[in-house]
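Biologist: Could you take me through this model, starting with whichever detail you like?

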Amino acid sequence: ESESMRDFVIAIDTSESVSGPLVRRFVEHTFSILKESQDHATQVNIHVIQADSKVQSDLKITDLRDVGKLLKGFSVRGFGGTDFCPTFDYVDMLRKRGELADLKGMIYFTDGFGRFPEKVVDYDVAFVFVDDGSRELPPVPPWAMRLVLGEHDIERLA
């Protein structure tokens, strides 16, 4: 199985309230974890989707050895309002086209202040929040996981 293609989505909330440097550290740390978990396999099918109230970009990664090069040119796009539904609709479209035929899951990095989809999905979803202590974080849908990191946790990722 370690030689097989792994379908995965990293979705990033790029609304006005999410910091660019924080997003970058999160993406770098997530790829570091993925590299460690892949054993010797480097072939993957990872879509890094940036979205605010609409999908702004989709960076497809097929080889983990290219991550460093891809991150050098990574820029945060968006800065509008927050709606998670367009991202889930986009992932559904990719699945229908066969681009995410064996989707294992999605990590959605966000501050959580947006519209969540009501429809249950058949893959694992984890909403990752950064808690700066300034406000109460919203609940996630019952079909999703919730992970809360403090700002100090993200700072240690640098």
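**A walk through the predicted model**

Modeller: Arg 146 lies over the face of Phe 129, 5.2 Å from the ring centre. Please keep in mind that this is a predicted model.

Biologist: Thanks. Stepping back, how many helices and strands does the chain have?

Modeller: The chain has four helices and six strands. Read from the N terminus on, its elements run β-α-β-β-α-α-β-β-β-α.

Biologist: And what share of the residues counts as buried?

Modeller: Of the 158 residues of the chain, 47% count as buried. As for contacts with a separation of 6 or more, 61% of them are accounted for by residues 24 or more positions apart.

Biologist: Is β1 mostly enclosed or open, and why?

Modeller: β1 is largely enclosed by the rest of the structure, because seven of its seven residues are buried. Both faces of β1 are covered. On one side Asp 7, Val 9, Ala 11 and Asp 13 are buried, and on the other Phe 8, Ile 10 and Ile 12 are buried as well.

Biologist: Which strand pairs with β1 over seven bridges?

Modeller: That is β2, and the two pair in the parallel sense. Ala 11, for instance, has Ile 49 in β2 as its bridge partner. β1 also pairs with β4 in the parallel sense, over six bridges. There, Asp 7 has Leu 103 in β4 as its bridge partner.

Biologist: What about β2 and β3, parallel or antiparallel?

Modeller: β2 and β3, the latter covering residues 55-63, pair in the antiparallel sense over seven bridges. His 47 stands opposite Lys 60 in β3. A hairpin of three residues joins β2 to β3.

Biologist: Let us turn to the interior. How many residues does the largest nonpolar core have?

Modeller: The largest nonpolar core has 22 residues, and those with the most contacts inside it are Phe 88, Met 106, Val 125 and Phe 127. At least two residues of this core come from each of β1 (7-13), β2 (43-51), α3 (85-96), β4 (103-110) and β5 (124-131). Another core, of 16 residues, lies apart from it and includes Phe 8, Phe 31, Ile 61 and Leu 149.

Biologist: Is there a general background to such cores?

Modeller: In soluble globular proteins, nonpolar side chains tend to be buried together.

Biologist: You listed Phe 88 in the core. What does Phe 88 touch?

Modeller: Leaving aside residues up to four places away in sequence, Phe 88 touches Met 106, Tyr 108, Pro 117, Val 121, Tyr 123, Val 125, Phe 127 and Trp 143. Phe 88 is buried, since its relative accessible area of 3% is under the 20% limit.

Biologist: Several of those are aromatic. How many aromatic pairs does the structure hold?

Modeller: The structure holds eight aromatic pairs. One of them is formed by Phe 88 and Trp 143, edge-to-face, at 5.8 Å centre to centre with 80 degrees between the planes. Phe 88 lies in helix α3 and Trp 143 in the loop between β5 and β6 (145-150), so this pair ties together parts that are 55 residues apart in sequence.

Biologist: Is Trp 143 buried or exposed?

Modeller: Trp 143 is buried, with a relative accessible area of 18%. There is also a pair between Phe 116 and Phe 127, whose ring centres are 4.9 Å apart and whose planes stand at 85 degrees, so this pair is edge-to-face. Phe 116 lies in the loop between β4 and β5 and Phe 127 in strand β5, so the pair ties together parts that are 11 residues apart in sequence. Both Phe 116 and Phe 127 are buried.

Biologist: Which residues form one aromatic cluster?

Modeller: One aromatic cluster is formed by Phe 84, Phe 88, Tyr 108, Phe 116, Phe 127 and Trp 143.

Biologist: A change of topic: where does Lys 119 lie?

Modeller: Lys 119 lies in the loop between β4 and β5. It is partly exposed, with a relative accessible area of 48%. Leaving aside residues up to four places away in sequence, Lys 119 touches Asp 92 and Trp 143.

Biologist: What joins the side chains of Lys 119 and Asp 92?

Modeller: A polar contact of 2.5 Å joins them. In addition, the C-alpha atoms of Lys 119 and Phe 88 are separated by 9.4 Å, while the two residues are 31 residues apart along the chain.

Technical notes
Residues are numbered from 1 along each chain as its sequence is written. This is a predicted model: local features need pLDDT of at least 70, side-chain atom pairs count only at pLDDT 80 or more; totals for chains, interfaces and linings use all residues. Side-chain values use heavy atoms; hydrogens and water are left out. A nonpolar core is a set of buried Ala, Val, Leu, Ile, Met, Phe, Trp, Tyr and Cys residues joined through side-chain atoms within 4.5 Å. Buried means under 20% relative accessible area, exposed over 50%, partly exposed in between (1.4 Å probe, protein chains only). Contact means heavy atoms within 4.5 Å. Two strands pair if DSSP finds at least two bridges between them. A polar contact is a pair of N or O atoms within 3.5 Å; within protein, one must be able to donate a hydrogen and the other to accept it, and residues adjacent in sequence count only if both atoms are side-chain atoms. Rings of Phe, Tyr and Trp (its six-membered ring) pair if their centres lie within 6.5 Å; planes under 30 degrees apart count as stacked, over 60 as edge-to-face and the rest as tilted. A charge sits over a ring if NZ of Lys or CZ of Arg is within 6 Å of the ring centre and within 35 degrees of the ring normal.
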